[in-house]
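Subject: Structure for you to look at

Hello,

Here is the structure I promised. Please open it alongside these notes.

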Amino acid sequence: MRRAVIVGAGVAGLTTALRLGRDGWDTVVVERAPARRTGGYVVNLIGPGYDAAERLGLLPALEARSVGPFTSVLVHPDGRPKLTVPAALTEIGRSVSVFRGDLEAVLHEAVRDHTDLRFGTTVEAGEGPEAVLSDGTTLAADLLVGADGVRSATRAAVFGDGHQVDLPYVIAAFPVADSAPHPQATTFIGPGRTAALIDLGPGRACAFFAYRCETPLEALRRGPVDALTEAFGDLGGGIPDALRHLGRDPAGAYFDAVSQVVMPRWSSGRTVLLGDAAWCVTVFAGHGAGLALAGADRLGTALREHGTDVTQALAQWETGLRPAVVRRQAQARRGMLQYAPPTRFHVWLGDLMIRAVTLPGVRGLVRRAAART
Ligand SMILES: Cc1cc2nc3c(=O)[nH]c(=O)nc-3n(C[C@H](O)[C@H](O)[C@H](O)COP(=O)(O)OP(=O)(O)OC[C@H]3O[C@@H](n4cnc5c(N)ncnc54)[C@H](O)[C@@H]3O)c2cc1C
């Protein structure tokens, strides 16, 4: 039986374990964190990511945890509503939205009886045919999969440094107390920044912040409470409450600089990178989880087609997937303008486009365009 050692139990790593396990691979997943992550932010699966979830048989479990369509309210800085997009208008056919923690939970549920999942463990050395783990074991490996995220240690060890392109933005996402009478998202978009509160009921409310920042590492050093208070402390509505909530558990927040990963190749010998480790497209593209699902599914297909010729399988897999990744990375560069519009004129233009979505004639066009992505 062939064995794959997979580094990282995020969406990319767990999907790889699921897909390869179905083809009879022995899979070992090592995860640095002591336990599975929960919560997080809402991820939308559409296009290839949705198709992959369907092929992998994950849709029933994902639908059961879907956050469903919700009303979206665009607000002024003081929290007063500017315009409302009713829930029915945000439905776009073949797509599902879930908390990232729920997506990982569904994947975990699907693989846990079939894979050797080791939390609190990492790979200390390995580039096939052996992987030395931090728990003291050495495993023979036909394939080493680096699915260890945007700051991948596997990437650094095998491909060297210099593939991470840091962008002048900081993002944060964290749980908050629910308060809305019905599921809704409240979003403020101003020059250089976005603040959103997604309130889907008890235990399902989170805040999301994105802003342009010329010194993101300095912001990370200061921590989420100081950095976000400085960038968003002037806003009204539910934002002050959200920042107070953050102050009670800053360690539970997702708070990071935004970086893309751009590599000329995703594999070397029997080591392959997958997901954010290989091609992080960033939140501004909104397809990172989808690409991780699709990438792992297609990797399984290529490995099955090429039998023991792993090199050929990896080459074919990469050729097939790269155009989608290049497209999403370009989309992310446009997405920055939506999350952090450079000027008031760009904000006005964005408002106009959102307003257009509420018009009956334009609505159908937008839905069809979204379904094609
Ligand atoms: C706010 C936000 C909103 C988003 N919205 C969407 C969306 O709507 N749609 C969408 O498709 N995508 C979205 N994304 C992107 C998506 O969440 C990511 O692209 C995706 O989760 C990446 O998965 P991954 O498994 O590649 O990496 P990660 O999720 O980073 O997982 C990597 C795992 O590896 C572990 N690890 C790291 N280093 C090591 C090591 N040395 N040894 C062992 N384990 C290690 C980590 O602990 C982690 O568990 C969003 C992202 C953000 C931040």
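I start with charge pairing. R19, D23, R55, D297 and R304 are joined in a network of salt bridges. The whole structure has 23 salt bridges. Please bear in mind that this is a predicted model.

Three other pairs deserve a look.

D102 and R65 meet through their side chains, with 3.3 Å from N to O. This salt bridge ties distant parts of the chain together: D102 sits in helix α4 (residues 100-111) and R65 in helix α3 (residues 59-65), 37 residues apart. D102 counts as buried because its relative accessibility is 19%, and the cut-off for buried is under 20%. R65 is partly exposed, at 33%.

K82 and D351 also form a salt bridge, and their closest N and O atoms are 2.6 Å apart. Again the link is between distant parts of the chain. K82 belongs to strand β5 (residues 81-85) and D351 to helix α12, with their positions 269 residues apart. D351 is buried at 10% relative accessibility. K82 is partly exposed at 26%.

R222 pairs with E230 in a salt bridge, the closest N and O atoms lying 3.1 Å apart. R222 is partly exposed, with 34% relative accessibility. E230 reaches 60%, so this residue counts as exposed.

Now the ligand. Which residues come nearest to it? Of the 31 around the ligand, they are E31, N44, T122, D276 and G286. By class, the shell holds 14 nonpolar, 11 polar and 6 charged residues.

Some polar contacts to check:

- G286: a backbone N or O atom is 2.7 Å from a ligand nitrogen.
- Y41: a polar side-chain atom is 2.8 Å from a ligand oxygen.
- R32: a backbone N or O atom is 3.0 Å from a ligand nitrogen.

On its own, the ligand has 1,000 Å² of accessible area, and the protein covers 89% of that. The elements giving two or more residues to the shell are α1 (11-22), β2 (26-31), β3 (42-46) and α10 (288-305).

Last, the surface. F345, W348, L349 and L352 make up a nonpolar patch there, with about 410 Å² of accessible area together. W348 is part of helix α12 (residues 344-357). Is W348 buried or exposed? Neither fully: W348 is partly exposed, at 48% relative accessible area. Helix α12 also carries D351, the partner of K82.

Best wishes

Notes
Residues numbered from 1 in each chain as written. Predicted model: local features only at pLDDT ≥ 70, side-chain atom pairs only at ≥ 80, totals over all residues. Heavy atoms only, no water. Patch = residues over 30% accessible without salt bridge, like charges linked within 9 Å, V, L, I, M, F, W, Y side chains within 5 Å. Areas by Shrake-Rupley, 256 points an atom, 1.4 Å probe, with all protein chains shown as cover. Salt bridge = Lys/Arg side-chain N within 4 Å of Asp/Glu carboxyl O. Helix = DSSP H or I, 4+ residues; strand = E, 2+ residues; numbered from the N terminus. Buried < 20%, exposed > 50% of the residue type's maximum accessible area, 1.4 Å probe, protein only. Near = heavy atom within 4 Å. Polar contact = N/O pair within 3.5 Å; in protein donor to acceptor, adjacent residues only side chain to side chain. Nonpolar A, V, L, I, M, F, W, Y, C, P; charged D, E, K, R; others polar.
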